[in-house]
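Thank you all for making the time today. I would like to walk through one structure with you, slowly, for the benefit of anyone who has not seen it before.

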Amino acid sequence: MLLHGNFTTPLRCFLRHPTPHRTATPTPLAITNYSISDQELTSRGFTLHRTITHLNLDDLNSIFVAVGFPRRHPDKIRTALEHTDSLLWAQYEKTQKPVAFARATGDGVFNAIIWDVVVDPSFQGLGLGKVLMERLVDELVNKGINNIALYSEPRVLGFYRPLGFVADPDGIRGMVYSRKGKKR
Ligand SMILES: CC(C)(COP(=O)(O)OP(=O)(O)OC[C@H]1O[C@@H](n2cnc3c(N)ncnc32)[C@H](O)[C@@H]1OP(=O)(O)O)[C@@H](O)C(=O)NCCC(=O)NCCS
C-alpha cells in the first residue's frame, strides 16, 4: 500500500469495490451486520476511535514497523493523517495502545482509496482487521462514495475478497508512477 512499498517494486494488484463510479444510480452496499458488534468489541477490551486525538503516532509507527512497513517520520504521518478523510483505529484498553488501524483518502464524493490497513501482530487473527474494514467501507458507502480502491499485496488478497473487493474489475489494471520506467 502507499508508503509501504518503494516504487521500484510495482504494486501488483489494484482492487476496487464492485460498483464502478460510472454507474448512473449508485447501489448502496453498506454492511448492516458487522462481524463483531461495537458492544462485543468493548466487552473484549477494545475501543474504536475515528479521530487521531488520542492516537499516539509513535505507537502507530511501531505497528507499521512490526508488520514490515518502513518506519516513517512522525511529522509526515501527522500530515498524512490530517489529509485523511476517514480513519479508524482500535485501542486495547488494557494497555491504552493502538492495535489496529486503517484509513481512506479521497475526494469525498466519488472516489476513495484505502491505505495502511494494519493490525499489531500480537492481535492478528482476532477479527480486528475485518472490524475496521467493514466500518471504513460502510462509512465511505454511506457518504455515497462508490469507487473504493486499495492496493493489496498478493498474500492479503484473501483478506480483502470477502469484504467485497475484486482484483482487476472488468480487466481494469492499476498503474503507479515509477521513475524507473519513465522514458527520458
Ligand atoms: C492483513 C491484516 C490487516 C488482517 O488483519 P487481521 O485482524 O489479522 O484479520 P482478521 O482476523 O480480521 O481476519 C478476517 C478474515 O480474513 C482472513 N484473513 C486474514 N488475513 C488473511 C490473509 N492474509 N489471507 C487470507 N485471509 C486472511 C481471516 O482468516 C478471517 O477469515 P474469517 O472471517 O473467515 O474468519 C493483518 O494480518 C495485517 O496487519 N497484516 C500485515 C499488514 C498488511 O499486510 N496489511 C495489508 C497491506 S495490503
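**Strands, a tyrosine and a ligand**

Let me begin with a single pair of residues, Gln91 and Pro98, which stand opposite each other, with Pro98 belonging to strand E4. Please keep in mind throughout that what you see is a predicted model.

That pair sits within a wider arrangement, in which strand E3, covering residues 86–92, runs antiparallel to E4 and is joined to it by seven bridges. The two strands form a hairpin with four residues between them, and there Gln96 takes a positive phi near 65°.

On the other side of the sequence, E4 also pairs with E5, again in the antiparallel sense, and this time over six bridges. As an example of that pairing, Thr105 has Ile113, in E5, as its bridge partner. E4 and E5 likewise make a hairpin with four residues between them, and Gly108, which lies in the turn, has a positive phi of about 80°.

Why, then, can we describe strand E4 as largely enclosed by the rest of the structure? The reason is that seven of its 10 residues, in the stretch 97–106, are buried.

Stepping back to the protein chain as a whole, we count five helices and seven strands, and, read along the sequence, they follow the pattern β-α-β-α-α-β-β-β-α-β-α-β. Of the 184 residues in the chain, 24% count as buried. If we consider the contacts with a separation of 6 or more, 67% of them are between residues 24 or more positions apart.

Tyr34 lets us look at one such region in detail, and this residue is found in the loop between strand E1 (14–16) and helix H1 (38–43). Is Tyr34 buried or exposed? The answer lies in between, because Tyr34 has 15 C-beta neighbours inside 10 Å and therefore counts as partly exposed. Leaving aside residues up to four places away in sequence, Tyr34 touches Val131, Glu134 and Arg135. Its C-alpha atom is also separated by 9.9 Å from that of Asp138, although Tyr34 and Asp138 are 104 residues apart along the chain.

Finally, I turn to the ligand, which has 18 residues around it, and of these Gln124, Gly129, Lys130, Gly158 and Phe159 come nearest. Strand E5 (111–119), helix H4 (128–142) and helix H5 (157–160) each supply at least two residues of this shell. By class, the shell is made up of nine nonpolar, six polar and three charged residues.

Notes: Residues numbered from 1 in each chain as written. Predicted model: local features only at pLDDT ≥ 70, side-chain atom pairs only at ≥ 80, totals over all residues. Near = placed C-beta within 6 Å. Nonpolar A, V, L, I, M, F, W, Y, C, P; charged D, E, K, R; others polar. Buried ≥ 20, exposed ≤ 12 C-beta atoms within 10 Å, placed from the backbone. Pairing = 2+ DSSP bridges. Contact = placed C-beta atoms within 7 Å.
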